[in-house]
Amino acid sequence: MSNTIKKAALAVAVSIASSSAFSAELGSLTSEVKVNDYENGLTKTEVTIGKGSYKLSDNYSFLFDVDKDFVKNEGEARKEGWDTQFGIAQKAGEFAGFDTTLYYLFRYDASWVASDESNSSDTKQYIFAPYFSKDVTLGGKEFSFGIELWAQVGNDNDDSLQNKSGAETNFYLSGDLSEHWSLDLAWYNFNYYDTAEEEYDYQIGTENYLTYSLPLAAGFSFNIENYVEAYFTPDSDSTIALAHIQPEFEFKKEVNEHFSWHAGVSYEAFNWEYKDSKGTANDKDIFDNNEFQAYLGFTIK
């Protein structure tokens, strides 16, 4: 399967780069190399071969995201893998005042030991996700509000498709608070199959960004990402929480109306990872796994 993904990824990249007629139908294409280095010894390099969309018609778009991962954990063999998603987005008009888009997605992830391709594994997910969005005004500010319904089946290493099955109902709110501050909120409701207990487990979660952005000279900007993510699983009475404050220097250069490139570096000045598993070995409450990130890429549109 990994060879199939390689060929698919190469075909996407080559066809986009070589076809001059493609630009008339291309929504966007981003290619990027990103390195994430953590203080606990984990280093991950992600090569985004191509991420974007291609307009098939007025109502249909093809979506693609092909990443090659290289992972090195201190004391362990280096691993490689694929992290991919392909799909169709269908505009479905208006429903109850919401703009409606239907997503049909396929995700394929794989990993293996780089030196000898041992310990290989893969995960497949087949997803249907209607998304409803509308603009709303709150406190005199304009926001985008979204509701996502998500249903999927999937498996690890070709086992039962029930093992990665489940449903979600998620809510999103995003917008600018001022000239320099923006807010992105997400509220998740998950209900996925637990293979150990052979039942579906409910989980509630949230993921939120408060971002400060200050334009500087010559295409540079200074950003601060304030982030918090948390999940609670009632069945196991367990809580997971993550938070960070991450300053970043970013550079963007628009070469022309169709091509731009970007680069950036950031570091977590504050990092917190918490897991309350009620006195088990999985408990965690640490502040010392700060992340350094650097990236370089380009966008065609």
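The following exchange considers salt bridges and side-chain exposure in a predicted model.

User: Why is the contact between Asp58 and Lys55 called a salt bridge?

Analyst: The side chains of Asp58 and Lys55 meet at 3.5 Å, N to O. A salt bridge requires a Lys or Arg side-chain nitrogen within 4 Å of an Asp or Glu carboxyl oxygen, so the pair qualifies.

User: What makes Asp58 buried or exposed?

Analyst: Asp58 has a relative accessible area of 61%. Exposed means over 50%, and therefore Asp58 is exposed. Its partner Lys55, at 37%, is partly exposed, because that value lies between 20% and 50%.

User: How do you know that Lys68 and Glu80 form a salt bridge, and which strands hold them?

Analyst: The closest N and O atoms of Lys68 and Glu80 are 3.3 Å apart, and this is within 4 Å, so the pair is a salt bridge. Lys68 lies in strand E3 (residues 60-73) and Glu80 in strand E4 (residues 79-95), so the pair ties together parts that are 12 residues apart in sequence. Both Lys68 and Glu80 are buried.

User: Why are Asp156 and Lys164 counted as a salt bridge, and how exposed are they?

Analyst: Their side chains meet at 3.7 Å, N to O, which is within 4 Å, so the pair counts. Asp156 has a relative accessible area of 27% and Lys164 one of 30%; values between 20% and 50% are partly exposed, so this term applies to Asp156 and Lys164.

User: Which residues do shared salt-bridge partners join into one network?

Analyst: Lys68, Arg78 and Glu80 are joined in this way.

User: How many salt bridges are there by this rule?

Analyst: The count is seven.

Definitions and conventions
Residues are numbered from 1 along each chain as its sequence is written. This is a predicted model: local features need pLDDT of at least 70, side-chain atom pairs count only at pLDDT 80 or more; totals for chains, interfaces and linings use all residues. Side-chain values use heavy atoms; hydrogens and water are left out. Buried means under 20% relative accessible area, exposed over 50%, partly exposed in between (1.4 Å probe, protein chains only). Helices (H or I, at least four residues) and strands (E, at least two) are DSSP runs, numbered from the N terminus.
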